Amino acid sequence: MESDEKSKEPIGGKQRLLAAAHALFHKGEYATTSVDQLLALGQVKAPTLYHHFQDKEGLYTAWALEVLGALRADMLAATVAGEELAAQLSAYARILMHGESPDILRIRRDLKQLRRSTSVEPLYNGLYEAVYEPIFSVLIYHQVNGTLGEEPVDRMAHAFVLGSMSMHPEYAMQPISIDEAAQWWSRCFLQGTLSKEADLPAVF
């Protein structure tokens with residue numbers, strides 16, 4: 001009975017603001033999202049925002065850290081020790097391409113709009129831990145085991161992430177099955193990475 005009563009308790013202003021942030025920042029840019037929009041959608045007054053988050057930047061930071069934390073959990077859950085490289089990369093690509101996953105390219109752009117180091121530094125760390133750390137670990141594992149060439153890991157990881165995000169619903173030129181896109185991109189990425197000519201400059 002007590003749990004039923006608790007479930008009927010109204011959602012607090014902090015949670016409503018975070019829900020509003022998710023609705024607006026998940027699909028929109030930080031710079032073009034106004035405080036008035038956040039307050040209206042969250043059905044709160046300005047003092048509630050200032051009390052819990054200080055300002056729009058504080059609310060954005062709290063939201064972004066929350067979604068990056070969830071993304072990191074998904075990436076780690078998809079990490080299987082000793083998994084075949086193509087299958088592991090496909091699993092990561094599937095997560096990054098999913099429409100419900102945060103648009104990490106937008107978050108990277110939004111970071112340039114933030115003013116405080118207390119916002120920027122945790123978000124850069126959050127991006128690294130959520131996206132790059134799992135990919136680095138897998139690439140290094142397969143380099144050590146001889147199934148992947150000695151290319152710079154940071155460049156490989158960044159290229160893989162950018163290619164994956166190009167097929168995120170926000171950027172894809174046409175609808176495509178996530179599973180199909182993830183498998184295709186992982187295969188293309190590995191074909192390029194493992195090619196003997198992968199270190200040659202492109203000629204146009």
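In the predicted model, Phe189 is buried, with a relative accessible area of 6%. Trp185 also counts as buried, at 15% relative accessibility, because the cut-off for burial is under 20%. The two residues lie four positions apart in helix H10 (residues 178-194), which places Trp185 and Phe189 about one helical turn from each other. Their ring centres are 5.9 Å apart and their planes meet at 55 degrees, so the pair is classed as tilted; an edge-to-face assignment would require over 60 degrees.

The protein has 204 residues, of which 42% count as buried. Its secondary structure consists of 10 helices and zero strands, so that the order of elements from the N terminus reads α-α-α-α-α-α-α-α-α-α. Among contacts between residues at least 6 apart in sequence, 70% join residues at least 24 apart.

The structure holds 10 aromatic pairs. One of them is formed by Phe25 and Trp63, whose ring centres are 5.7 Å apart and whose planes are at 45 degrees; the pair is therefore tilted. Phe25 belongs to helix H2 (residues 13-25) and Trp63 to helix H5 (residues 56-77), so the pair links distant parts of the chain, with the two positions 38 residues apart in numbering. Both partners are on the buried side of the cut-off: Phe25 has a relative accessible area of 1%, and Trp63 one of 3%. Phe25 and Trp63 are also members of one aromatic cluster, together with Tyr30 and Tyr60. Tyr30 has a further neighbour in Lys56, which lies over the face of the ring at 4.2 Å from the ring centre.Helix H2, which contains Phe25, also packs against helix H3 (residues 35-42). The axes of H2 and H3 are 8 Å apart, and the packing angle is about 125 degrees. Because angles over 145 degrees are needed for a roughly antiparallel arrangement and 65 to 115 degrees for a roughly perpendicular one, H2 and H3 are oblique to each other. The crossing of H2 past H3 is right-handed. On the H2 side, the contact is made by Arg16, Leu17, Ala20, Ala21, Ala23, Leu24 and Phe25. The H3 side contributes Gln37, Leu38, Leu39, Leu41 and Gly42. Phe25 thus takes part in the contact with H3 as well as in the ring pair with Trp63.

Backbone geometry was examined at two glutamine positions in loops. Most residues other than glycine have a negative phi. Gln43 is not a glycine, yet has a positive phi of about 55 degrees. Gln43 is located in the loop between H3 and helix H4 (46-53), and counts as exposed at 63% relative accessibility. Gln54 likewise has a positive phi, of about 80 degrees, without being a glycine. The loop that holds Gln54 lies between H4 and H5. With a relative accessibility of 51%, Gln54 counts as exposed, because the cut-off for exposure is over 50%.

Methods. Residues numbered from 1 in each chain as written. Predicted model: local features only at pLDDT ≥ 70, side-chain atom pairs only at ≥ 80, totals over all residues. Heavy atoms only, no water. Phe/Tyr/Trp six-rings, centres within 6.5 Å; stacked < 30°, edge-to-face > 60°. Buried < 20%, exposed > 50% of the residue type's maximum accessible area, 1.4 Å probe, protein only. Lys NZ or Arg CZ within 6 Å of the ring centre and 35° of its normal. Axes fitted to C-alpha atoms, helices over the stretch in contact; angles between N-to-C directions. Parallel < 35°, antiparallel > 145°, perpendicular 65-115°, else oblique. Left-handed = near helix turned anticlockwise from the far one by under 90°. Contact = heavy atoms within 4.5 Å.
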